[in-house]
Amino acid sequence: MRFARKLIALAALVSGPALAQTPGVTATEIKVGNINPYSGPASAYGTIGKSIGAYFKMINEQGGINGRKINYITYDDSYSPPKAVEMVRKLVEQDQVALVFQPLGTPSNSAIQKYMNQMKVPQLFVATGATKWNDPKGYPWTMGWQPNYQTEGRVYAAHVLSNVKDPKIGVLFQNDDYGKDYLKGFEDGLGDKAKTLIVMKQSYEVTDPTVDSQIVNLKNSGANVFFNITTPKFAAQAIKKAHDLGWKPTHYLNNVSISVATVLKPAGLEASKGLITALYLKEVTDPQWKSDKGFQEWLAWMKKYYPDGSVEDNSNGYGYTVAQTLAQVLKQCGNDLSRENIMRQAANLKSLELPLLLPGIRINTGPDDFAPIEQEQLARFNGERWEIFGDVVAAQR
Amino acid sequence: MDIFIQQVVSGLATGSIYAALALALVMIYEATDVVNFAQGEMAMFATYVAWSLINAGVPYWPAFFATLAIAFAGGLLVQRLVIRPVQNAPILTVVIVTIGLLVIFNSLAGWIFTYVQKPFPSPFPKEPVRIGEIVFGSHDLGQIGVTLVVLLCIWIFFRFTPLGLAMRAAAQNPVSSRLAGIRVGWMLALGWALAAMFGAVAGIMVAPVLFLDPNMMGGVQIYAFAAATLGGFTSPVGAVIGGLIVGVVENLVGTYVKFIGTELKFTVALALIIVVLLVKPTGLFGRSIAKRV
Amino acid sequence: MNDARARQAFIVVAILIACALPFVLSNFRLFQFTQVYIYAIALFGLNLLTGYNGQISLGHGAFFAIGAYAAAILMDRWGVPYGWTLPIAAVICLVAGFLFGLPALRLEGLYLALATFALALAVPQILKYFEHWSGGSQGLVLIKPGAPFGLPVNADQWLYFLTLAVLLITFWVGANLLRGRVGRAIVAIRDNPTAAQAMGVNTSLVKSLTFGVSAAYTGLAGALSAIVIAYVGPDSFNIFLSITLLIGIVIGGLASVPGAIFGAFFIQFVPNFAQDISKAAPWAIFGIFLIVFMIALPAGIAGGVKMIWNRLTQRRVSEPSGA
């Protein structure tokens with residue numbers, strides 16, 4: 001027994017202090033943890049967790065990162081905060097992962113944020129557009145990824161102020177943190193004018209079958225600008241109903257519902273003409289990317305590694321790109337995969353270009369900048385595809 | 001005035017969605033005394049079957065009727081395989097079984113068809129009907145029509161056919177029914193089969209408006225419960241009227257009662273149900289059941 | 001060895017094991033067990049109403065939410081120490097439950113179930129509406145308490161013991177209640193309300209009080225949950241919670257005190273287990289579990305345990321005469 005103990009101590013000494021302090025990491029693998037809603041009301045987003053797994057599968061088949069394979073452990077939290085807390089504790093305390101990557105949903109992330117920072121485990125590239133994940137001083141172990149909703153709202157507000165004469169604005173929003181965050185950004189962007197320019201706000205719940213009634217009210221308010229904060233199903237309904245009613249406002253559509261195949265076509269391509277949105281990723285059903293090299297790589301990857309997934313679902317483009325971001329971070333870590341260094345490298349991404357990001361949009365992070373993607377590009381739907389116009393817009397703080 | 005009428009029209013349209021599924025719920029309750037929590041998901045799954053057929057090239061109406069047949073068979077199977085073993089168990093046990101069915105159908109649909117929403121064709125013309133300033137979606141009108149036809153069929157079936165009478169007897173008093181020569185087991189299975197079929201009709205009717213995805217019927221089912229509760233679970237007519245009332249009142253309250261607005265619209269609909277129940281506990285058109293002491 | 005003695009022995013052994021667990025299990029497992037105890041308290045409440053009193057509630061998630069938010073708001077806005085939030089939340093829910101029970105007297109069976117269903121559905125929307133108090137969609141992030149008086153246990157162990165203590169006290173009180181006259185009145189109302197009334201039971205009062213007490217138990221569980229999870233948000237209290245509680249009491253065993261515990265273990269661990277079996281369609285597996293359980297054990301796990309126990313004890317009794 002004593003001899004075995006000595007041997008173990010010797011081995012620990014030889015393998016170096018780095019390994020003793022790097023949970024989830026061995027010479028051959030890195031354990032990456034994740035929670036996603038595979039069941040429950042938000043199960044549509046579960047495909048993101050699956051697409052990430054498919055990407056790591058490809059990485060592993062290509063030899064891994066610096067010789068280490070990624071051991072991807074993902075659990076279902078049913079979009080329920082108590083379950084999220086339980087599953088994250090399982091990942092950290094039982095599975096001893098190196099980091100928790102892309103946990104999904106504002107409620108789940110809110111519930112685990114304190115714990116992650118107390119335990120000093122990276123809560124990296126969270127899958128939500130809420131604004132509060134960019135707080136390096138308060139929560140040094142938490143980092144967002146996608147452009148946050150408030151930024152996008154502000155971009156639209158700025159466009160309204162400089163492009164629409166005498167605007168009267170109507171807003172339709174989903175009554176939850178996602179909808180309210182967009183609305184806040186929009187109202188902040190309008191500043192003092194928000195109260196006078198916004199003539200009507202209508203909300204809806206995810207359990208509502210249609211938003212027809214809300215569109216009727218919005219048209220009736222005399223609004224000539226419409227900010228449409230809806231998820232895909234309701235976006236299609238809203239666009240269609242507005243068109244049927246003969247209401248033709250300057251129509252801003254939030255980035256979540258931009259899919260040509262699953263939103264605009266069912267709503268009617270004619271009805272969707274003139275829609276304005278802000279993009280950062282290539283929309284995977286937009287015909288203009290058909291011969292784009294990045295898109296084709298993605299398509300080939302989907303066919304080979306995630307055949308069950310839908311090639312019309314932008315969530316799968318999102319998952320692919322965020323997984324690539326983590327791959328870059330891990331690559332930059334080299335042999336030091338301690339949790340501190342993982343966060344350090346995550347805060348050290350400089351002008352990272354990824355195949356599905358729009359040309360001109362890059363990922364940048366720094367010790368004070370925990371918002372990897374802050375640029376967006378305005379685009380207008382011309383009946384066939386999203387036509388990009390103007391310059392890349394950067395977020396204002 | 002115009003907006004009032006338009007909101008009423010919109011309310012009738014959404015109300016008919018609730019009514020369509022509520023009819024299936026009432027059907028099963030009348031026939032088997034069970035509230036089927038899985039009704040919405042079964043309807044959704046049947047709609048996916050229809051979608052698969054249409055996607056494979058089958059024209060709309062043949063696919064429609066083929067789906068009804070498949071749904072009929074499916075309902076029969078579910079009753080025989082899953083419900084019959086717990087027939088004599090306490091009512092809550094059966095409820096849990098239907099909840100189990102709910103999650104199975106939902107999960108399977110998501111796994112087989114993915115969660116991306118799919119457009120679903122409508123047999124009605126695309127152009128809306130305009131009367132003055134009021135716009136009626138053609139599909140909405142068609143849907144209301146189909147719902148009324150289904151209602152008529154159910155009503156005639158239960159009121160005027162011997163089979164319908166036998167089914168109601170089997171549900172309310174299985175022991176006496178057996179003594180009267182009714183094959184209770186098959187009546188229950190038939191009840192499920194018919195309800196599944198009507199559920200499929202509801203699903204196919206609403207999919208063009210709601211877009212087909214595994215969670216399509218989730219919200220609708222809740223409203224369908226509200227509609228059936230309001231109208232009375234024992235009354236098909238009540239279910240339809242209940243659905244229409246819920247749809248219209250919800251819209252009007254959301255539009256005209258400013259301090260509630262849209263953020264409490266749903267709550268108001270629910271409060272309405274509870275208030276009605278307090279006044280008339282078995283629903284507007286439900287039968288009161290006298291108890292023998 | 002008769003049944004009552006055997007039951008007492010089981011309980012003592014179970015309590016001893018439960019007290020020993022914090023020194024054997026990891027913090028994570030303790031956290032899971034604490035969740036089980038919280039569910040058990042909630043299920044006891046629901047079982048009291050639905051199992052023993054026959055009033056079907058599909059909306060107990062609402063009381064769980066009220067208790068949780070009451071505790072959260074007290075701690076977050078007024079800095080009330082968490083210990084005090086427990087009895088306060090219980091009292092609030094007692095009143096809320098009683099008030100809901102009064103009009104519910106008019107509703108029977110299915111319609112009561114649907115009215116409670118409606119109540120549970122309204123909860124998330126109402127929570128989001130009163131943003132100023134509830135934190136709206138964002139919810140409230142709370143501070144997880146540590147062990148008091150410098151006791152040599154960590155936060156998880158402390159919360160485990162606290163929850164276990166609450167469970168034992170509330171179960172003891174409840175079980176005694178059910179064994180006495182009140183309990184018999186409650187069950188009488190379920191089995192034959194007309195006869196009960198004829199025998200002098202004030203059915204209206206008993207039914208409303210039962211509603212209140214049932215809500216108090218579930219609200220207390222909600223308050224504990226807020227403390228242990230250290231977060232409340234509308235998404236934690238949607239209709240699935242009410243359905244999960246219903247599943248818990250039916251699978252655990254209606255009208256059975258240990259049923260609450262069996263049910264709690266089921267709803268805590270079986271979904272995780274289903275996940276391990278299939279990540280593609282985890283809830284399909286869960287649904288299959290539900291159906292299989294109900295077909296095999298229509299009286300729930302408690303019913304099954306009783307059946308097995310009866311079989312075993314019968315054999316012992318018949319052995320001398322048989323062999």
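**Group meeting: chains A, B and C of a predicted complex**

I'll start with chain B, whose secondary structure comes to 11 helices and two strands. This is a predicted model, so please keep that in mind throughout. In sequence order, the elements of chain B run α-α-α-α-β-β-α-α-α-α-α-α-α. Its C-alpha trace spans about 60 × 50 × 35 Å along the principal axes. The radius of gyration of chain B is 19 Å, and since a compact globule with 293 residues would have a value near 19 Å, the two agree.

On confidence, chain B has a mean pLDDT of 87, with 97% of its residues at 70 or more. Where in chain B is confidence lowest, and where is it highest? The low end is strand β2(B), residues 134–136, at a mean of 79. The high end is helix α2(B), residues 39–55, at 95.

Next, chain C. This chain has 14 helices and two strands. Its radius of gyration is 20 Å, close to the 20 Å from the globule rule for 323 residues, so chain C is as compact as a globular protein of that length. Along the principal axes, its C-alpha atoms fill a box of roughly 70 × 50 × 45 Å.

The average pLDDT of chain C is 89, and 97% of the residues score at least 70. Among the elements of chain C, α2(C) has the highest mean pLDDT, 95, and helix α14(C), residues 300–322, has the lowest, 76. As a general caution, predicted coordinates should not be read in detail where pLDDT is low. For the complex, the predictor gives an ipTM of 0.90 and a pTM of 0.89.

Now the packing inside chain C, beginning with α2(C). Helix α2(C), residues 27–52, packs against helix α12(C), residues 257–277, at an angle of about 130°, and their axes are 8 Å apart. That angle makes α2(C) oblique to α12(C). The crossing of α2(C) past α12(C) is right-handed. From α2(C), the residues in the contact are Q32(C), Q35(C), V36(C), Y39(C), A40(C), L43(C), F44(C) and N47(C). They meet G259(C), A260(C), I261(C), G263(C), A264(C), F265(C), I267(C) and Q268(C) in α12(C). By class, that contact of α2(C) with α12(C) has 10 nonpolar and six polar residues, and no charged ones.

A second pair in chain C is helix α3(C), residues 60–78, with helix α11(C), residues 239–252. Their axes lie 7 Å apart, at an angle of about 115°. How are α3(C) and α11(C) oriented to each other? They are roughly perpendicular, because the angle is about 115° and the range for that label is 65 to 115 degrees. Here too I can give the hand: α3(C) passes α11(C) in a right-handed crossing. On the α3(C) side the contact is made by H60(C), G61(C) and F64(C), and on the α11(C) side by I239(C), L241(C), S242(C) and L245(C). Four of the residues in the contact of α3(C) with α11(C) are nonpolar and three are polar, with no charged residue.

For chain A I have one helix pair. Helix α13(A), residues 314–333, and helix α14(A), residues 339–346, pack at about 120° with axes 9 Å apart. α13(A) and α14(A) are therefore oblique to each other, and α13(A) passes α14(A) in a right-handed crossing. V329(A), Q332(A) and C333(A) of α13(A) make the contact with N341(A), I342(A), Q345(A) and A346(A) of α14(A). The contact of α13(A) with α14(A) has four nonpolar, three polar and no charged residues.

That leaves the interfaces with chain C. The contact between chains B and C takes 37 residues from chain B and 33 residues from chain C. On the chain B side, α4 (91–113), α9 (216–231) and α11 (265–279) each supply at least two residues. Which of them gives the largest share? It is α4(B), with 14 residues. The side of chain B that touches chain C divides into 28 nonpolar, eight polar and one charged residue.

The contact of chain A with chain C takes 25 residues from chain A and 25 residues from chain C. In chain A, β2 (69–76), α4 (81–94), α5 (106–119) and α7 (177–190) each supply at least two residues to the side that touches chain C. α4(A) gives the most, with eight residues. By class, this side of chain A has nine nonpolar, six polar and 10 charged residues.

Notes: Residues are numbered from 1 along each chain as its sequence is written. Chains are lettered from A and ligands numbered from 1 in the order in which they are written. This is a predicted model: local features need pLDDT of at least 70, side-chain atom pairs count only at pLDDT 80 or more; totals for chains, interfaces and linings use all residues. Axes are lines fitted to C-alpha atoms, for helices over the stretch in contact, and angles run from 0 to 180 degrees between N-to-C directions. Helices (H or I, at least four residues) and strands (E, at least two) are DSSP runs, numbered from the N terminus. Angles under 35 degrees count as roughly parallel, over 145 as roughly antiparallel, 65 to 115 as roughly perpendicular and the rest as oblique. A crossing is left-handed if the near helix is turned anticlockwise from the far one by less than a right angle, and right-handed if clockwise. Two residues are in contact if their C-beta atoms, placed from the backbone, lie within 7 Å. Ala, Val, Leu, Ile, Met, Phe, Trp, Tyr, Cys and Pro count as nonpolar, Asp, Glu, Lys and Arg as charged, and the others, Gly among them, as polar. pLDDT is the predictor's confidence in each residue, from 0 to 100. The radius of gyration is taken over C-alpha atoms; the globule rule is 2.2 Å times the number of residues to the power 0.38.
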